[in-house]
Amino acid sequence: MHRDSTCGPTEAADMPITKYPQKSQPLWKEWDRKAQKNGPRHEVHAVNGDRYMGEWKDDMRHGKGTQIWKKKGAIYEGDWKLGKRDGYGTLSLPDQETGKYRKVYSGWWAGDKKSGYGIQFFGPKEYYEGDWCRNQRSGWGRMYYSNGDIYEGQWLNDKPHGEGMLRLKNGNRYEGYWQRGMKNGPGRFFHLDHGQLFEGFWVDSVAKCGTMIDFGRDEAPEPTQFPIPQVGSPPPALTRALQPHPDRQTDTSILSPPCPTREQTSKLCAQSGHPQRGWQPWASMAPKPTFGASLQVKILDPDGVLEEALAMFKKTEEE
C-alpha cells in the first residue's frame, strides 16, 4: 500500500516503536547514598563507644568537630580534614586526681599528628612551647621544667639539638651547642653564683677543656674564697704573707726568686702532674722564709691548687 506524501504518512511511518524500560540501580547503592553523612550532625556513636559531634563530608569527619574517645576519655576539639585531625585544635585528658579535664596540647595538627607551632603540657609546672613535627619537638622551642630550669633553642627528634641556652634555677646558665640532648661542642657556662665564667669545649655534657675566669665577684652572692691568680704571678694572699713585718726579720730575696732553667721547669711540671705548655712556676725555687716558724713552700701552678698553700700560711700566722 502506498500513499501520497500529501495525503498522509507513508507505510514506514506506520511501523510500531519499541520502548525498553529504564535499567534500575541496585537498591543498596541508593541506601548507601542516603546513609552518607554530609554537613553538620548532632552526635554520631561508633560501635566501640566513641562519639563525634560536628561536620562531615563523604562519610568522613571534615570541618569543625569534637571527638570523644571512650577508652582513654580524651577529647579533641578543632579542625578535621578527611577523617583526620588537621588544622588548629586542642586535646584534653581527664585528671585522675580531680576528675576534671586538663589541657594536654593546644596548637596545629597535620595528618592526625602535632605539626607546626603548639604548646604541650607535661604537668602543672612543666610545659613546652614551640615547633613540632610528627608529634616530636623539632625546630625552635622553649621548655619549662618542673625543677625550675628553662631551655630555649633548637630541637630535633624531641631533644635539644643545635644552638641553645639552658638557664638553671639558681641563675647559672649554659650557652652553646647541643647534640642528642647533651652539651656537645663549644660553649660557655656562667657561674653567676660564684662570679666565674668557663668557656671551653664539651663532649656528651662533660667539659673537656677550657678557660675559667673571674668576673663580677663583688656582686656574686656566693663568690669563691680565692680569686683565680694571673699566670706567672703569686696570688695576693701569698704576696701579703711574704711582705716584711716590722717586728720580724725577713729575707726579702724570696720575693724575687731566680728564674729556673728549662730543665728545672720541665722537672717541676712533671712532678706537679700538670701540662708543661705555658706553665711558669712562681714559688718553686723560693728559699724558706726566716720569720717566726719554719714555712715549707710547695710546688704550685697558676691553674689552681692554692688552698693547701694558703692554709699553711694561715696556720703559720696564727701560731
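These legends go with a set of close-up views of a predicted model.

Local features are described only where pLDDT is at least 70 and side-chain atom pairs only at pLDDT 80 or more, while totals for chains, interfaces and linings use all residues. Residues are numbered from 1 along each chain as its sequence is written, and side-chain values use heavy atoms, with hydrogens and water left out.

**View 1. The whole chain, before zooming in, has four helices and 15 strands.** Helices (H or I, at least four residues) and strands (E, at least two) are DSSP runs, numbered from the N terminus. Of the 319 residues, 31% are buried; buried means under 20% relative accessible area, exposed over 50%, and partly exposed in between (1.4 Å probe, protein chains only). About 21,800 Å² of the chain is exposed, and carbon and sulfur atoms supply 52% of that (Shrake-Rupley method, 1.4 Å probe; for residues, only the protein chains shown count as cover). Take the contacts (heavy atoms within 4.5 Å) between residues at least 6 apart in sequence: 14% of them join residues at least 24 apart.

**View 2. Strands S9, S10 and S11 are joined by two hairpins.** S9 (residues 136-144) runs antiparallel to S10 (residues 150-156), with six bridges between them; strands count as paired if DSSP finds at least two bridges between them. Five residues separate S9 from S10, and glycine 148 in that turn has a positive phi of about 100°. S10 then pairs with S11, again antiparallel and over six bridges. Here two residues make the link, and asparagine 157 in the turn has a positive phi of about 55°. Leucine 156 has lysine 159 in S11 as its bridge partner.

**View 3. Glu129, Arg142 and Glu152 form a salt-bridge network.** A salt bridge here is a side-chain nitrogen of Lys or Arg within 4 Å of a carboxyl oxygen of Asp or Glu, and the structure holds nine of them. Arginine 142 reaches glutamate 129 with the closest N and O atoms 2.7 Å apart. That pair links distant parts of the chain, with arginine 142 in S9 and glutamate 129 in S8 (residues 126-133), 13 residues apart. Both arginine 142 and glutamate 129 are buried. Arginine 142 also stands opposite glutamate 152 in S10.

**View 4. Two further salt bridges involve partly exposed side chains.** Glutamate 175 and arginine 188 meet at 3.3 Å, N to O. Glutamate 175 sits in S12 (residues 173-179) and arginine 188 in S13 (residues 182-191), so the pair ties together parts 13 residues apart in sequence. Their relative accessibilities are 23% for glutamate 175 and 33% for arginine 188. In the other pair, glutamate 43 and arginine 51 have their closest N and O atoms 3.5 Å apart. Glutamate 43 comes in at 27% relative accessibility and arginine 51 at 31%.

**View 5. Asparagine 172 lies in the loop between S11 (159-167) and S12.** At 4% relative accessibility, asparagine 172 counts as buried. Its side chain makes a polar contact with the side chain of aspartate 193 at 3.2 Å (a pair of N or O atoms within 3.5 Å; within protein, one must be able to donate a hydrogen and the other to accept it, and residues adjacent in sequence count only if both atoms are side-chain atoms). Beyond neighbours within four places in sequence, asparagine 172 has contacts including Leu166, Phe189 and His191.

**View 6. S14 and S15 make an antiparallel pair.** Eight bridges join S14 (residues 196-203) to S15 (residues 206-214). Tryptophan 202 faces alanine 207 across the pair. Two residues lie between these strands, and aspartate 204 takes a positive phi near 55°.
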